[in-house]
Amino acid sequence: MAAEGSRSAVVAAFIGNSAIAIAKFIAAGISGSAAMLSEGFHSVADVGNQGLLLRGLSTSQRPATAVHPFGRGKEVYFWSFMVAVMLFVGGAVLAFQHGLEAVRHPHPVESPVTNFVVLGLAIVIEAFTFRVAYKAFQRIRGTRSWWSSIRSTKDSAVLVVLLEDAAAMAGLVVALVGLLIANATGNPVWDGVASLVIALILATVAVILAIETKALLIGEAASRADRAAIRSTVLAFPEVDGVGRLMTMQLGPEEVLVNIEVDLAREAGPPEQLIDRVESAIREVIPAAKNIFVELEAGARG
């Protein structure tokens, strides 16, 4: 379900941003607007980013092999990190360069109506793609706050699309306001200022995505709730006296590695049977726990 929601959000964003990019470049060519050109580069970066995410989602589903014994679930984290880099370089840097040039050497924005029509159309399309990503994010968010969910989510694809679409909506509003002020005052500098603000928005989102996806890429633990559920599930066994070290690692949005030390009571039965039961119980509460390693503490058995 989560993987399907991620793919749907990415595909919707890919289609929507492709259409928006074409419209923005046509409008920028007609009007000469720096803000519109920056938005065009932003959309192109978004389209490329969604292509990278689709590749990551596809390769992350490949089965485990001798070379990759735990599968390739982290592929989606790698490509999500690359998206953050592309968003910064292909979006923020270019937008800043064009905005700075427009502020230093302003020129009148022609055909403002064309820009307004394209921006209005882009806002409608972005609102649709954001709605798809928002629904997917809500399914994994639960009752947590927005910031807490962004910091703790393990589905980087949904996070990338959600923040990209949010940045796109904000950028469109900024471009619209900048063009309105430039048109009302007759001062084209405001068009360049809007481009600089768009660059700041893109850079901020890129930094947030880089920080969050880097943590997942290098080996972030399962959520605190999942770790607590694993510990309480194992402690519920009458043969278990205690739980020692519990180590987890997120191998993908829907795959968790679990290594747990279990202290046995004296009256515990055959260890092999207990291990099987413990693994089954953990998978019942954490379906994503596909790789479980239970270590029995022999000293606790007396």
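**Exercise 1. What covers α9**

Find which elements cover the buried residues of helix α9 in this predicted model, and on how many faces of the helix those residues lie.

Solution. Start with the cover: what lies over the buried residues of α9 includes α8 (224-235), β2 (255-264) and β3 (289-297). Next, list the residues that are covered. Leu274, Val278, Glu279, Ala281 and Ile282 of α9 are buried. Viewed down the helix axis, the buried residues fall within an arc of 165 degrees, so they line one face of α9. A general rule helps here: an α-helix has 3.6 residues a turn, so residues three or four places apart point the same way. Then look at the other side of α9, where Glu272, Gln273 and Glu284 are exposed.

**Exercise 2. Helix lengths**

Compare the expected span with the end-to-end C-alpha distance for α9, α7 and α4.

Solution. Take α9 (residues 271-285): its 15 residues, at 1.5 Å a residue, should span 21 Å, and its end C-alpha atoms are 21 Å apart, which agrees. For α7, 29 residues should span 42 Å, and the end C-alpha atoms are 42 Å apart, so the two values agree. For α4 (residues 112-141), the 30 residues reach 40 Å from first C-alpha to last, close to the expected 44 Å. The buried residues of α4 include Val118, Leu119, Ala122, Phe137 and Arg141. Just after α7 comes Gly219, with a positive phi near 115 degrees.

**Exercise 3. The α2 and α7 pair**

Describe how α2 and α7 are placed against each other, and which residues meet.

Solution. Two packed helices are described by the angle between their axes and the distance between the axes. The axes of α2 (residues 34-59) and α7 (residues 189-217) come within 7 Å and cross at roughly 25 degrees. Angles under 35 degrees count as roughly parallel, so α2 is roughly parallel to α7. On the α2 side the contact is made by Ala34, Ala35, Ser38, Glu39 and His42, which meet Asp191, Ala194, Ser195, Ile198 and Leu202 in α7. Sorted by class, this contact has five nonpolar, three polar and two charged residues.

**Exercise 4. Two residues in α7**

Decide for Ile208 and for Leu209 whether each is buried, partly exposed or exposed, and name their contacts beyond four places in sequence.

Solution. Ile208 lies in α7. Its relative accessible area is 24%; since buried means under 20% and exposed over 50%, Ile208 is partly exposed. Ile208 touches Ile150 and Leu163. The C-alpha atoms of Ile208 and Leu163 are separated by 9.1 Å, and the two residues are 45 apart along the chain.

Leu209 also lies in α7. With a relative accessible area of 0%, Leu209 is buried. Leu209 is in contact with Ala84, Leu87, Leu159, Val160 and Leu163. From Leu209 to Arg151, 58 residues apart along the chain, the C-alpha separation is 9.8 Å.

**Exercise 5. A loop glycine**

Locate Gly73, state whether it is buried or exposed, and list what it touches.

Solution. Gly73 lies in the loop between α2 and α3 (75-104). Its relative accessibility is 6%, so Gly73 counts as buried. Leaving out residues up to four places away in sequence, Gly73 touches Ser60, Leu251, Gly252 and Pro253. Of these, take Leu251: Gly73 and Leu251 are 178 residues apart along the chain, with their C-alpha atoms separated by 5.5 Å.

Definitions and conventions. Residues numbered from 1 in each chain as written. Predicted model: local features only at pLDDT ≥ 70, side-chain atom pairs only at ≥ 80, totals over all residues. Heavy atoms only, no water. Helix = DSSP H or I, 4+ residues; strand = E, 2+ residues; numbered from the N terminus. Expected span 1.5 Å × (residues − 1). Buried < 20%, exposed > 50% of the residue type's maximum accessible area, 1.4 Å probe, protein only. Arc of directions from axis to C-beta. Contact = heavy atoms within 4.5 Å. Axes fitted to C-alpha atoms, helices over the stretch in contact; angles between N-to-C directions. Parallel < 35°, antiparallel > 145°, perpendicular 65-115°, else oblique. Nonpolar A, V, L, I, M, F, W, Y, C, P; charged D, E, K, R; others polar.
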